[in-house]
Number of protein chains: 2
Amino acid sequence: MSSPRDPVDTQTISFSDLTELLRQIFMRHGTSAEVAAVLAENCASAERDGSHSHGIFRIKGYLSSLAAGWVDGQAVPKVEDVGAGFVRVDAGGGFAQPAMQAAKALLIEKARTAGIAILAIRNSHHFAALWPDVEPFAQEGLVALSVVNSMTCVVPHDAQKPLFGTNPIAFAAPRAGGQPIVFDMATSAIAHGDVQIAAREGRLLPPGMGVDRAGHPTEDPKAILDGGALLPFGGYKGSALSMMVELLSAALTGGNFSFGFDMSTKPGAQTPWTGQMIIVIDPDKGSGHAFAERSEELVRQMHGVGQQRMPGDRRYRQREQSLAEGIVLSTDDLNRLKALASA
Amino acid sequence: MSSPRDPVDTQTISFSDLTELLRQIFMRHGTSAEVAAVLAENCASAERDGSHSHGIFRIKGYLSSLAAGWVDGQAVPKVEDVGAGFVRVDAGGGFAQPAMQAAKALLIEKARTAGIAILAIRNSHHFAALWPDVEPFAQEGLVALSVVNSMTCVVPHDAQKPLFGTNPIAFAAPRAGGQPIVFDMATSAIAHGDVQIAAREGRLLPPGMGVDRAGHPTEDPKAILDGGALLPFGGYKGSALSMMVELLSAALTGGNFSFGFDMSTKPGAQTPWTGQMIIVIDPDKGSGHAFAERSEELVRQMHGVGQQRMPGDRRYRQREQSLAEGIVLSTDDLNRLKALASA
């Protein structure tokens, strides 16, 4: 019997070993210990959960941006308490995740006391999936909504040239009978990471995802990456949501718009230098009733009308398997990571 | 020369006269003076701005629900202050708009002080467009986001039967050089009101909007209304947003889900008995910079890449014309309204 795919030599690694390996890589490439710990856990979590476009696939881009001096791996976030429900952070040109980590305890305290709180991060680089930023709040019984803008690659609806980033929206809510309901969606028709993976694997994309450098529709991921652009999902509605993400992540935080920075000054730069917004709500203040029981009821009803899988379910299943059996990596990838950790 | 359409006999009425006429209609059909004033302005504003699916077209449904005893036109909203950033209202089985009106000053005060505030309305009927609920905040320099669930008519992505409502999301943000940026989008592929208007006018719908009673795709609006259902916009992403609207409007507020009430017990009932959530943010707390200048910059850039029209622009243009020249109604419609006002 022959397989249409070449067999790939694989190995398994535990979540904690992968996290430690990535931590060493970040440390070896110019980040502080604090930043390395946050990014390593974030990136290992994505790989563990099968979010391959935001797992170890991203390491090359992280290190390239660090080497270029485009992002400050040593940045110390400055947290400011500006209201009973408002925290803002200047990430100092570093990564967004350590900035959120620095403000997280204060944000949660404010959400529980005031009922709702907002975190406005600016001067930050977000190069990861967005669901890891919201899921932990739902694990603590809170509802969280986050948006982050990225870099110009999406043509607004009815426009001719790209302006918006892929501008994802992530949402997390607790439920009584299972893992939180979590979604993380690009407002582009496809995530940029998925275009990169398709290009790497030589696959065509479905129609409606993007345009080539001349602005014509294309299914070739390489044509999109080579001077082309993505389209918003769902026509004018997705485009309006992408605009909202620019307003909340950049205009509101004081961060850059997706079109507001020039990476060409730092060859090797890959991470978008923008802003991020997170809203956290204590849902039980809404009516005095238990939110998680109500959301569980919604899940039951969704299953009842035939929706098999809740947003996030695939990640949870992959997570369970990875934690039980280890994370499967190609031997090549693992060797590359090990080399980077001792480089 | 002959026209493919019969000429319709029309008359014009000023915005204030239409508001007063609608106020009298609501008063004559069982609402309190407070409720009549709020609903009349809301409905007249929609007609003024060309939002025909939520203008005088809705009066019949309002009066039918009032006559059925399904909605309480005399309800007095109970406002509770539950945190530095959290206000909740029990609308008492009345309309959502008077409930918001009752809490509005407190909500704005909290947003300005705490930086962000949330209003959770429950036990409420929302039968109007959603943009009138958010635009006024942006007129005062604030950013507003609102969601409201409605009644089961949308099949979740990959499910077999309807569960969600049309579940709109509305957003408003100030800008320095013009009217606020405002959008109001159903998370269904089409708004229910637009299906009703297409059915009334005998038009077919574009593909992908809905299914018939057997669950098969259809372009016939009557087949959708006659036991069929709508689809979410943008596939699984619009479906996830619709789910989020259920969680925020119902689970969080203590209101009914879109599937959580039985209108058949009150023949003539037409208004969805659910909940509504509004988040208001003071955007200048984000970075100390002027948000409205940044949003103006975004608008300039959007125009620069070829987007002709900003969300809300069509309404503002129609508004200007209506205020200058009067609102054009068919003589039949105007006579019908006058008859209802003196009935």
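**The interface between chains B and A**

Between chain B and chain A, the count of salt bridges (a side-chain nitrogen of Lys or Arg within 4 Å of a carboxyl oxygen of Asp or Glu) is zero. This is a predicted model, in which local features need pLDDT of at least 70, side-chain atom pairs count only at pLDDT 80 or more, and totals for chains, interfaces and linings use all residues. Residues are numbered from 1 along each chain as its sequence is written, chains are lettered from A in the order in which they are written, and side-chain values use heavy atoms, with hydrogens and water left out.

Polar contacts tell another part of the story. There are 18 residue pairs in polar contact between chain B and chain A, both residues at pLDDT 80 or more; such a contact is a pair of N or O atoms within 3.5 Å, and within protein one must be able to donate a hydrogen and the other to accept it, while residues adjacent in sequence count only if both atoms are side-chain atoms. On the side of chain B that touches chain A, helix H8 (residues 236–251; a DSSP run of H or I, at least four residues, numbered from the N terminus) gives the largest share, 12 residues.

As for symmetry, chain B superposes on chain A by a rotation of 180° with 0.0 Å of shift along its axis (RMSD 0.0 Å), fitted by least squares on the C-alpha atoms of residues with pLDDT of at least 70 in both. The two copies are therefore related as by a two-fold rotation axis. Within chain B, B:Gly234 has the C-alpha nearest the axis, 2.1 Å from it.

Definitions and conventions: Helices (H or I, at least four residues) and strands (E, at least two) are DSSP runs, numbered from the N terminus.
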